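Reader: I have the sequence and the model open. Before I use any of the labels, I would like to hear the reasoning behind them.

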Amino acid sequence: MRGVIMHGPGDVRVEDREDPTIVDPTDAIIRLAATCICGSDLWPYRGADQVDHAAMGHEHVGVVEEVGTEVTTVRPGDFVVGSFVISDGTCEICRSGFPSSCVHRIFVDGAIGTQAEKARIPFADGTLVATPGLPDADLVPHLLAASDVLGTGWFAAVAAQAGPGKTVAVVGDGAVGLMGVLAAKQLGAERIIAMSRHTDRQDLARHFGATDIVEERGEAGVARIKELTGGLGAHSVIEAVGTQESMVQAIGATRPGGNVGFTHDVQLPGELLFFSQVQILGGPAPVRRFLPELIQLIWDRKIDPGKVFDLTLPLEQAADGYRAMDERRATKVLLTV
């Protein structure tokens with residue numbers, strides 16, 4: 001089969017890889033229908049993470065070709081959506097709602113690599129969810145979004161406790177931030193403030209449910225959020241950038257007693273947290289927990305998260321997709337298989 005290998009920073013190649021086979025009785029083999037490039041794939045591409053001949057990709061949808069003897073919830077011929085984290089679905093952590101911290105957790109990126117024609121998915125029952133039938137072709141991008149970016153934005157909104165009567169601010173207008181807007185809308189938020197400086201992303205944010213756009217950043221952005229909320233700040237803030245500045249901005253834009261969803265690779269001074277009186281929840285999104293609900297919303301055509309893909313390329317042109325995202329010519333690239 002063909003698959004994407006990152007040899008080093010900036011060096012992405014599509015090469016022959018061995019076809020996957022059943023190794024454990026809980027495995028499933030899927031033929032990918034589509035995959036995509038994630039913003040996190042740019043970290044090793046830009047040299048922020050070490051990489052050496054890594055099998056790339058962690059978002060995946062496709063058709064089951066073969067299952068191990070202990071797999072019970074999916075069968076050959078099923079169209080499935082899988083989480084970007086492998087989970088057994090039965091451990092105490094999975095049962096508590098955090099399968100992305102499963103005691104048998106495996107990150108798909110690197111260990112498996114789903115920017116490829118096929119993939120072996122361990123713990124298929126705890127990782128894959130079958131759709132109600134074979135989807136129409138136009139639904140595939142929306143289902144693919146559920147594998148990570150939609151599920152991540154959804155978790156961020158849930159972690160921030162977005163809901164009826166709440167004002168939600170979203171820091172960041174990348175794919176996860178846009179999905180956070182969509183999620184906040186679906187969860188019933190009364191007002192959704194998207195922080196964005198890009199016209200095309202502002203338009204998409206409004207499509208997904210944003211009621212206000214704020215272009216200011218840093219202290220000016222915090223001041224604008226306070227101005228829009230009677231000086232109090234938002235009830236819920238989704239931090240969807242992952243930098244020190246954006247996280248400080250998110251905390252500053254949250255009212256005392258409010259909630260911030262998502263952090264990554266930041267260091268926060270204790271005094272800031274002490275006086276802000278905000279609650280923070282983050283970490284790898286437990287996408288598998290939300291997949292049944294998200295798949296049904298997509299299947300019923302109530303949400304269209306696949307609009308976040310603004311460039312589609314064949315798998316063989318994956319390197320072009322990486323360059324497009326690295327150069328900010330694309331928000332998120334879908335790869336057809």
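Reader: Why is R323 called partly exposed?

Author: The model is a predicted one. R323 has a relative accessibility of 35%. Buried means under 20% and exposed means over 50%, so a value in between is called partly exposed. R323 therefore counts as partly exposed.

Reader: And why does D320 count as partly exposed?

Author: D320 stands at 33% relative accessibility, so it also falls between the cut-offs of 20% and 50%.

Reader: What makes the contact of D320 and R323 a salt bridge?

Author: The rule asks for a side-chain nitrogen of Lys or Arg within 4 Å of a carboxyl oxygen of Asp or Glu. For D320 and R323 the N to O distance is 2.2 Å, so the pair meets the rule. Both residues lie in helix α13 (residues 318–326), 3 residues apart, about one turn of the helix.

Reader: Which residues are joined into one network by salt bridges that share partners?

Author: R2, D16 and E316 are. By this rule the count comes to 16 salt bridges.

Reader: How do you know that R31 and E65 form a salt bridge?

Author: Their closest N and O atoms are 2.9 Å apart, and the limit is 4 Å, so the pair qualifies. This pair links distant parts of the chain: R31 is in strand β3 (residues 28–37) and E65 in strand β5 (residues 60–67), 34 residues apart. R31 is partly exposed at 39%, and E65 is partly exposed at 36%.

Reader: What makes R13 and D11 a salt bridge?

Author: The closest N and O atoms of R13 and D11 are 2.8 Å apart, so they too are within the 4 Å limit. The relative accessible area is 38% for R13 and 25% for D11, so both are partly exposed.

Reader: Why is F98 called partly exposed?

Author: F98 has a relative accessible area of 30%, which lies between 20% and 50%, so the label is partly exposed. F98 sits in the loop between α2 (92–95) and β8 (106–107). With I93, V103 and L281, F98 makes a nonpolar surface patch of about 300 Å².

Reader: How do you know that β15 and β16 pair?

Author: Pairing takes at least two bridges. Strand β15 (residues 254–261) is joined to β16 by 3 bridges, so the two strands pair. They run parallel, and V260 has I280 in β16 as its bridge partner.

Technical notes
Residues are numbered from 1 along each chain as its sequence is written. This is a predicted model: local features need pLDDT of at least 70, side-chain atom pairs count only at pLDDT 80 or more; totals for chains, interfaces and linings use all residues. Side-chain values use heavy atoms; hydrogens and water are left out. Helices (H or I, at least four residues) and strands (E, at least two) are DSSP runs, numbered from the N terminus. Patches are made of residues with over 30% relative accessible area and no salt bridge: like charges are joined within 9 Å, nonpolar side chains (Val, Leu, Ile, Met, Phe, Trp, Tyr) within 5 Å. Accessible areas come from the Shrake-Rupley method with a 1.4 Å probe; for residues, only the protein chains shown count as cover. Buried means under 20% relative accessible area, exposed over 50%, partly exposed in between (1.4 Å probe, protein chains only).
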